[in-house]
Amino acid sequence: MNIVDPEKPLPIFDALLIPPTALEQGGVDVRRAAIVDGSLHVSLRRAFDDPEAWGMLIADVARHVARIYATEGKFPEEETLARVRAIFNAEMDSPTDPGTS
């Protein structure tokens, strides 16, 4: 049931599972990203004292992405990392969508 319109069903949100270690030991969700109608929507929590930690987090996520593509046989890890790095640098220099707060 949709609170705004009881006749309209709630849309489906396909959420990822919580990492097993976080379920076992607890933790803090620091980033959530969703694609809605082709657009990126992000929630962040400033969880680090030093913003450099975000750079490490972004690099770690890129490595996870590369492993997923390699495991699926889509692209080798190094090629995926090169492609991610190239578009990351391009977007940092000239964002296609600078977003909002």
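This is a short talk on a hairpin, a pair of packed helices and a few single residues in one structure.

Good morning, everyone. Before anything else, please keep in mind that what you have in front of you is a predicted model, and that the values I quote are computed from it.

Let me begin with the two strands. Strand E1 covers residues 31-36 and strand E2 covers residues 39-44, and the two pair in the antiparallel sense over six bridges. If you would like to follow the pairing on the structure, you can start with Arg31, whose bridge partner in E2 is Leu44, and then go to Val36, which stands opposite Ser39 in E2. As a general reminder for anyone looking at the side chains here, those of a regular strand alternate between the two faces of the sheet.

Now to the turn itself. How many residues lie between the strands of this hairpin? There are two residues between E1 and E2, and I will take them in order. Asp37 is found in the loop between the two strands, and this residue has a positive phi of about 50° although it is not a glycine. With a relative accessibility of 80%, Asp37 counts as exposed, because the cut-off for that word is over 50%. Gly38 lies in the loop between E1 and E2 as well, and at 70% relative accessibility Gly38 also counts as exposed. To place Gly38 against an earlier part of the chain, consider Leu17, which is 21 residues away in sequence and 22 Å away in space, C-alpha to C-alpha.

Moving along the chain, we come to Phe48, in the loop between E2 and H2. Is Phe48 buried, partly exposed or exposed? Its relative accessibility is 26%, so Phe48 counts as partly exposed. Leaving out residues up to four places away in sequence, Phe48 touches Ala53, Trp54 and Leu57. Between Phe48 and Val30, which are 18 residues apart in sequence, the C-alpha distance is 9.3 Å.

That brings me to the helices. Two packed helices are described by the angle between their axes and the distance between the axes. Helix H2, residues 52-71, packs against helix H3, residues 77-93, at an angle of about 135°, and their axes are 8 Å apart. The two helices are therefore oblique to each other, and their crossing is right-handed. On the H2 side, the contact is made by Ile58, Ala62, Arg63, Val65, Ala66, Arg67, Tyr69 and Ala70, which meet Glu77, Thr80, Leu81, Val84 and Phe88 in H3. Sorted by class, this contact has nine nonpolar residues, one polar residue and three charged residues.

I would like to pause at Thr80, which has its place in helix H3. Thr80 has a relative accessible area of 5%, and because buried means under 20%, this residue counts as buried. Not counting residues up to four places away in sequence, Thr80 touches Val65, Ala66, Tyr69 and Phe75.

Finally, let me turn back to the segment before helix H1, where Pro6 has its place. Pro6 is exposed, with a relative accessible area of 52%. Where does Pro6 stand with respect to Arg46, 40 residues apart from it along the chain? Their C-alpha atoms are separated by 36 Å.

Thank you for listening.

Definitions and conventions: Residues are numbered from 1 along each chain as its sequence is written. Side-chain values use heavy atoms; hydrogens and water are left out. Two strands pair if DSSP finds at least two bridges between them. Helices (H or I, at least four residues) and strands (E, at least two) are DSSP runs, numbered from the N terminus. Axes are lines fitted to C-alpha atoms, for helices over the stretch in contact, and angles run from 0 to 180 degrees between N-to-C directions. Angles under 35 degrees count as roughly parallel, over 145 as roughly antiparallel, 65 to 115 as roughly perpendicular and the rest as oblique. A crossing is left-handed if the near helix is turned anticlockwise from the far one by less than a right angle, and right-handed if clockwise. Contact means heavy atoms within 4.5 Å. Ala, Val, Leu, Ile, Met, Phe, Trp, Tyr, Cys and Pro count as nonpolar, Asp, Glu, Lys and Arg as charged, and the others, Gly among them, as polar. Buried means under 20% relative accessible area, exposed over 50%, partly exposed in between (1.4 Å probe, protein chains only).
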